[in-house]
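Me: I'd like to understand the labels people put on a model like this one. Could you take me through the reasoning behind them?

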Amino acid sequence: MASARSSRALRLALRQASAPRVQQRTFISAVNSASRPAVKQAAVSSFVQQARGVKTVDFAGDKEKVYERDDWPRDKLLEYFKNDTLALIGYGSQGHGQGLNLRDNGLNVIVGVRKNGASWKEAEQDGWVAGTNLFDIDEAIGKGTIIMNLLSDAAQSETWPHIKPMLTKGKTLYFSHGFSPVFKAQTGVEVPKDIDVILVAPKGSGRTVRTLFREGRGINSSFAVFQDVTGKADEKAQALGVAIGSGYLYKTTFEKEVHSDLYGERGCLMGGIHGMFLAQYEVLRENGHSPSEAFNETVEEATQSLYPLIGQNGMDYMYAACSTTARRGAIDWSKKFKDTLKPVFEELYDSVKTGKETQRTMEYAGRKDYREAFEKEMEEIREMEIWRAGKAVRSLRPENA
Ligand SMILES: NC(=O)c1ccc[n+]([C@@H]2O[C@H](COP(=O)([O-])OP(=O)(O)OC[C@H]3O[C@@H](n4cnc5c(N)ncnc54)[C@H](OP(=O)(O)O)[C@@H]3O)[C@@H](O)[C@H]2O)c1
């Protein structure tokens, strides 16, 4: 789509985008900012009340409390968890990010993983010491007061019959996904009735949880309470959310978290966008466009130029950065895409809600050869012409030259 005019507009937009952004500032500095572009006004006026920490924010007419790191300064966290041992079970992407952040925050955290598994070695590489703060799963659960179940979702189900009896009264069970308890009919994860069960789900990979913490920012997370026997489950979830490295926390339910998460990743976040890329690329190729042209007009310009603009300041900002020609056509066609795709999204949401997606995940992850099967699918994707063309396009970037 890049015409000369749109490229000029894009360059202008990129210059504007490189100025300090609302997301990078506190709400106070945003409110105090005397000269801000109109697009930023919307974000500022959505803010209706601020105390230190908890805020009520107007999300397009829906007022919601947002909890933030300032509610739980480090001293308060240390005091709150002074009698707790946080036993982090599993050391995949989330275990790594959440575990290291908890450790850096000074909390009493231990890791529990299979001895001699890949995670054990990774934990050792990250400085966890066998017998001091690195144990096998049973021993860690025995020592822990807050059991943070960060095994893969399939492993949570597989290990549940073994783990459940160790979750005795007084302990707290923590998840980062509502998957296991919500779909208990398929996973078998029926939680004990006499313990608090809470969730903090970071909106990003564990690597990002770690990176944003180290940058002093913090990831957005949702938190939820599945079962509150102590009357303290809600505040415990908020505190843990901050302790693992969240900047802001939105309250949800286990059900809503898992439904939206499974739906989103199958839709716009991953599956849907991949499908759109493939369809657009194929039509370009069938009409005689070269692989590089088809890739650039489908993926490269999207990920390198336009999607970051949406992320920085919204869809209207991206449209405003493009030529009149591009804008006119895009706005017209967006309606057709929406109408055509909505039934697909409805089908997808239904498939999530009824547990069909869970069933499929459990069956797939339950296969002995699932790692090999997954690798085979990745190989097929890597070998698709579109992604091979992409590799060549990326090789031209200065940083890859
Ligand atoms: N990754 C994300 O972006 C993300 C984001 C938000 C929430 N979450 C949620 O966070 C949780 C953890 O996800 P993750 O991606 O960090 O984990 P993961 O990579 O899927 O799983 C990691 C852990 O599971 C262990 N494991 C697998 N099978 C096992 C078995 N049969 N017995 C014992 N341990 C087993 C692995 O240990 P070995 O090395 O010993 O195999 C590893 O430590 C999940 O509930 C997930 O939905 C993930």
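Me: Which residues come nearest to the ligand?

Reply: Happy to help! This is a predicted model, and in it 23 residues surround the ligand. Tyr 91, Gln 94, Arg 114, Ser 119 and Asp 153 come nearest.

Me: What makes the pair between Ser 119 and the ligand a polar contact?

Reply: A polar contact needs N or O atoms within 3.5 Å. An N or O atom in the side chain of Ser 119 is 2.5 Å from an oxygen atom of the ligand, so this pair qualifies. Backbone N or O atoms join in too: that of Ser 93 lies 3.1 Å from a ligand oxygen, and that of Ser 152 lies 3.2 Å from one. On its own the ligand has 900 Å² of accessible area, and the protein covers 78% of that.

Me: Which helix gives the most to the shell around the ligand?

Reply: That is H8, with five residues. Helices H5 (93-104), H6 (118-125) and H8 (153-163) each supply at least two. By class, the shell has 13 polar, seven nonpolar and three charged residues.

Me: Why is Glu 64 called partly exposed?

Reply: Its relative accessibility is 26%. Buried would mean under 20% and exposed over 50%, so Glu 64 falls in between and counts as partly exposed. Glu 64 lies in strand S3 (residues 62-68).

Me: How do you know that Glu 64 and Lys 251 are far apart in sequence, and what is their distance in space?

Reply: They are 187 residues apart in sequence, with 8.6 Å from C-alpha to C-alpha. Glu 64 is in contact with Lys 251, and its other contacts include Lys 55, Phe 59 and Tyr 250.

Note on methods:
Residues numbered from 1 in each chain as written. Predicted model: local features only at pLDDT ≥ 70, side-chain atom pairs only at ≥ 80, totals over all residues. Heavy atoms only, no water. Near = heavy atom within 4 Å. Polar contact = N/O pair within 3.5 Å; in protein donor to acceptor, adjacent residues only side chain to side chain. Areas by Shrake-Rupley, 256 points an atom, 1.4 Å probe, with all protein chains shown as cover. Helix = DSSP H or I, 4+ residues; strand = E, 2+ residues; numbered from the N terminus. Nonpolar A, V, L, I, M, F, W, Y, C, P; charged D, E, K, R; others polar. Buried < 20%, exposed > 50% of the residue type's maximum accessible area, 1.4 Å probe, protein only. Contact = heavy atoms within 4.5 Å. Lists of a residue's contacts leave out its neighbours within four places in sequence.
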